[in-house]
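Thanks for making the time this morning. I would like to walk you through one structure, going from a pair of helices out to the domains and the two chains.

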2 protein chains.
Amino acid sequence: MSSDTLAINTIRVLSVDTVSKANSGHPGAPLGMAPAAHMLFSNIKANPKDPNWPNRDRFVLSNGHAVALQYVMLHLLGYDLTIEDLKQFRQIDSKTPGHPEFHTPGVEVTTGPLGQGISNAVGLAIAQANIAATYNKPNYTISDNYTYSFFGDGCMMEGVSHEAMAIAGHLQLGNLIAFYDSNKISIDGATGQEFDEDVPKRLQAYGWEILDVADGDTDVQGLYNALQKAKLSKSKPTCIVMHTTIGYGSVHEGTAAVHGSPLKPDDVIQLKKKWGFDPEKFFAVPQQVYDHYSKVAEAGAKAEAEWKKLFAAYSKEYPKEAAEYTRRENGKLPQGWENLLPKYTSADPKVATRKLSETVLSAIVPSIPEIIGGSADLTPSNLTRFKGAVDFQPPNLGIGDYAGRYIRYGVREHGMGAIMNGIAAYGLNFRPYSGTFLNFVSYAAGAVRLSALSGHPVIWVATHDSIGLGEDGPTHQPIETLAHFRALPNIMVWRPADGNEVSAAYKVALESDHTPSILAFTRQGLPELEGSSIEKASKGGYIVSEAPSAAKLILVATGSEVSLSIDAAKLLEKDGIPTRVVSLPDFFTFDKQSLEYRKSVLPDGVPILSVEVLSTFGWSKYSHAQFGLDRFGASGKGADIYKKFEFTPEGVEERGVKTVKFFEGTKLLSPLDQPFLQIQ
Amino acid sequence: MSSDTLAINTIRVLSVDTVSKANSGHPGAPLGMAPAAHMLFSNIKANPKDPNWPNRDRFVLSNGHAVALQYVMLHLLGYDLTIEDLKQFRQIDSKTPGHPEFHTPGVEVTTGPLGQGISNAVGLAIAQANIAATYNKPNYTISDNYTYSFFGDGCMMEGVSHEAMAIAGHLQLGNLIAFYDSNKISIDGATGQEFDEDVPKRLQAYGWEILDVADGDTDVQGLYNALQKAKLSKSKPTCIVMHTTIGYGSVHEGTAAVHGSPLKPDDVIQLKKKWGFDPEKFFAVPQQVYDHYSKVAEAGAKAEAEWKKLFAAYSKEYPKEAAEYTRRENGKLPQGWENLLPKYTSADPKVATRKLSETVLSAIVPSIPEIIGGSADLTPSNLTRFKGAVDFQPPNLGIGDYAGRYIRYGVREHGMGAIMNGIAAYGLNFRPYSGTFLNFVSYAAGAVRLSALSGHPVIWVATHDSIGLGEDGPTHQPIETLAHFRALPNIMVWRPADGNEVSAAYKVALESDHTPSILAFTRQGLPELEGSSIEKASKGGYIVSEAPSAAKLILVATGSEVSLSIDAAKLLEKDGIPTRVVSLPDFFTFDKQSLEYRKSVLPDGVPILSVEVLSTFGWSKYSHAQFGLDRFGASGKGADIYKKFEFTPEGVEERGVKTVKFFEGTKLLSPLDQPFLQIQ
């Protein structure tokens, strides 16, 4: 048996043992992709002892259900993942969960939801191209890593992969090499029932290079040749189409039966016997195989050492660039960057918060190279392109270059979200942001969820944040969107009321290392508030306007409804109801403050009425009564729609009066007090 | 000027006037697509006086921002849309909102969010193929309508269109003819910045027929020839690629400037002059043009009259089929269908609700021909395929036929959602349902939102509804998902606790004509409850287990947490806390009950603790304290994860005791009482 065959069979047997021990998982794809994994991980540039080395090759398992294969490879290469960890596969609190998770050393991105990984890979490749264009100098190739990805039929069916792979073709990302595990089987059975498209032709239509390996089950040399050829494709991403047999070696190979359930014990025995393994032994790795991968790991360690030498020389010749690179590697924003944030007073004119967002971006992005922006083809609406921006484009198109930091994502919200995750996952402190209408962040829900789960600090610039957008009508007006993302763990959902709050939102979002943000901005103009400040708003919630005497009512609002509530408070005061107005631009940040602080804002004993022109769902967490919009919006002038739905000072006043009357004589507790803490 | 040219210029000028009067909207696409619109609407089979005739051709404007064009065509053809309505374009409460809305006569589906319309069109074509295969007989072509769609570059970038168009190719939908408005301009500018793929090649890879019209701006004959040729493509959907100039005729034609803003007055003047229109006149339609479209409308009316004659003869020869067709046309389910719903007692064994769902489907779908099911490649997990199902497949593949009612959607959740909307929009009482994991309904959020907005009664069979799914881990375990959809207006989100509740969920979902549903089902087994019944559960919420004496605590729960709460109640009773348990399987349905009924379930004076193993967000609407999971889940055995997060009888008991203590001595109001009604 050749050493390659031995290694491949070891990978197969170890993957099978891992899934069998768990009695749960997916043996089929690891059996089919073991040759590709062996070949690729024998040629990868990575130092398992330093999984964070910035110039390592990135590997993304887009068909994340095949994770047993990835764990096996990480183990063999010497990452911090033992045989014991393999035995704990899919068990509670193990290092080897059922799908790859970002926090595991050697796992670059969290995958499993299909189509995300290959889209993250596009982001990783964009990040590399940007770093290379920014920091490489003659004789100093600081960055030249590749991004590799495995993906399957399921990934190809998902729309998110279409979006990301199309833009990858346009961007000519030659540093991206993907391996398509074409096994013609999915959970429902033969893909011919539902998926018979000509994948190579489709990818070629996007501008990808296609290489074909007819026998992905055994032809290691063919896979190797394809990899070498792919590396020569400098201006096109490459897809290596591997024709494989799912569950290769199992008696049920080539069928859906081997996809998502452990092999039967008899099947495992025949498979081990066939390949010369002792069927009585489990998790056995021949020393030869360990030795083989040790050499790969050593080569990786050596490559890193050489890179460090190179970087030391670079630091002398290009001290400014090196210092910046090192700062980014340490995850620190430029010192004093927050002083660039604009501040406002109530003397400043009425402006839409999307415009105020543009002002922030133009003030800060030129000085913070790790910020890389874009929009899903709504640049003139989202106002996301900062002053002086250069587009991130292939240089040969003449409309930008790879050092550019503004990405034209096209109308591809989901792909954009997944690409942002990939850029953030690259490291070097990348802070991607992108624009679309708030309502269409929902198109990207799958990617937003993974930002939150993985803790990628990406930023959505979500403009046109309510019925205030006007004529485009209910198809474009968000209602449930804020509730949706507020219910998601580990994500900020800011809805600033004015310029100081916009600055605060960007400040907290950018200073966060492990929490993504959605910043919801208005299309329409809003006044600058007298009571706002960056400092106060940075707490997520604060008293923006105090009642002239002991408050009999508290209005708590966000965004465009804060100034509306302040106007209503004036009417309510004439009605004999001294009214406090609280601005609550971000629930997540407010919840992080001490209970003492929070209760100083929303105390016991005073009825609290929330005012927000979207779904009331979730607002009872902070209020006793809710004024919102639990129906879809309407097409018309923004002001007319506000009026139709009684979001006027008088409409708020009327509900304020009713709220005070309703709770008269009731001893009210602050909704913030709870009998027990939530499990976090 | 030829009569075609006059009509086309009239359409252009009328579209421009419509947008200008509104001072808001999109003139560019109507100017570019006017020739195609004229040609198509001169050859469409439709009776404007009876927009619901089932065998009419369907037209879908996927680039919905071009809606001025659609309104103009509907007006010219004689639909119930006057010049006055055109003048009210984009004004509040008008019949002509900023994007096409389903309720407007002649508008088949709500569009605007890009990519949805062309995906709906796939659903409309599937519905037609199913109706034809089910009801057509020799000499009786009851159904032969086409589905036409216009779409633009934006639609092609969106992932949802990839998903739907790929499955359309697989399904060989020859009845689908799409017109691609290839104008190379999007909001950000020239599409070459972001979108330079070879669209025809991509569509060919899916199995589409491609026809090309080089000059879409003027070549009406070429467009006509393409349409005739497309109709000959019986086993492939056709895309007619029209190369057009956005804003044709404007001084800014061919640029992004004409996309989304009204033309300047001077521009309108030169454009009208150029085409021989009086620039002083607005909304002027030459009588010749009205006459032309009157003839089209007359032909449509004649076609319907002939069809009615045919159907009368058919009714004699095929009385059973005709009666069924007529019943469906009247929107009535088969009489007594609800008697097929299974009922359970507590003596029945523990079963997963996904399995109970399968039992319901197998019991009812064979008897209700308007139900058409499917899954996004998770059939063996979702258990969505009913007993005796035939797959909906092109007959030549030998794995089903078009009369089949089970669709293999592939891993295409978003496309599936949009296709279901299209099927429902076809009429004839179609009730589409489809399966995926609850967590991945989020991938389809854009389509789900449009189901709710348009009121398409589609059903999501959303299995694996919590951490209870176990080993697949946090990437697959929903947390925010229920809150997301509960916050969306006009949608039911059922989470049944046992077999009777599963039957109730299907009953209410299927009886609903204008509200979609998400049915969340467990992977794991649940006991049949003593206190449940279809009748009680059909109210959305009810007392499933009463306290032995006056309740000092109410536990309100859904799904798998109901039996858990009943177990906890037993422990609490030992602690001296008589506890009522309320099952609240659907907020939406519960909210529709009288306040009196609701307060009989959740009264004043008793602390209420919600128990649901997902986000607590929104639960304060029904409870004073919340036990949930405001973090991501974990990979492990389902039971282990429940234990880790203290979702055990003891964990609920502990929180119940704390809740009672916390609120001791406080006069509690039911959270159901509110000072004012929400705007609905």
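**Helices, domains and a two-chain arrangement**

Let me begin with helix α10 of chain A, whose buried residues pack against α1 (3-22) and α2 (28-41) of chain A. Please keep in mind throughout that this is a predicted model.

Which residues of α10(A), spanning 265-274, are the buried ones? They are Asp267(A), Val268(A), Leu271(A) and Lys272(A). Around the axis they cover an arc of only 130°, and therefore they sit on the same side of α10(A). The other side of α10(A) carries Pro265(A), Asp266(A) and Lys273(A), which are exposed. Just after α10(A) comes Gly276(A), with a positive phi of about 75°.

Helix α12 of chain A, residues 319-329, can be read in a similar order, and its buried residues are Ala322(A), Tyr325(A), Arg327(A) and Arg328(A). Among the elements covering them are α5 (116-135) and α11 (287-317) of chain A. Here again a glycine with positive phi comes just after the helix, namely Gly331(A), at about 70°.

Stepping back to the domains, the assignment for chain A gives domain 1 as 3-301, domain 2 as 340-526 and domain 3 as 539-678. The C-alpha centres of domain 1 and domain 3 of chain A are 52 Å apart.

Now to chain B, and to one residue that I would like to look at in some detail. His624(B) is found in the loop that runs between β19 (608-611) and β20 (625-627) of chain B. Is His624(B) buried or exposed? Its relative accessible area is 13%, and because the cut-off for buried is under 20%, His624(B) counts as buried.

What is His624(B) in contact with, once its neighbours within four places in sequence are left aside? Within chain B the list is Val606(B), Pro607(B), Ile608(B), Phe663(B), Leu668(B), Leu669(B) and Pro671(B), and from chain A there is Gln674(A). Of these, Leu668(B) is 44 residues away from His624(B) in sequence, yet the two are 8.7 Å apart in space, C-alpha to C-alpha. As for Leu669(B), its backbone oxygen lies 2.8 Å from a polar atom of the His624(B) side chain.

That contact with Gln674(A) leads to the question of how the two chains are arranged. Chain B is superposed on chain A by a rotation of 180° with 0.0 Å of shift along its axis, at an RMSD of 0.0 Å. The two copies are therefore related as by a two-fold rotation axis. Moreover, 100% of the interface residues of chain B are also interface residues in chain A, so the copies meet through the same surface.

Notes:
Residues numbered from 1 in each chain as written. Chains lettered and ligands numbered in written order. Predicted model: local features only at pLDDT ≥ 70, side-chain atom pairs only at ≥ 80, totals over all residues. Heavy atoms only, no water. Least-squares fit on C-alpha atoms with pLDDT ≥ 70 in both. Contact = heavy atoms within 4.5 Å. Buried < 20%, exposed > 50% of the residue type's maximum accessible area, 1.4 Å probe, protein only. Helix = DSSP H or I, 4+ residues; strand = E, 2+ residues; numbered from the N terminus. Arc of directions from axis to C-beta. Domains from an automatic or database assignment. Polar contact = N/O pair within 3.5 Å; in protein donor to acceptor, adjacent residues only side chain to side chain.
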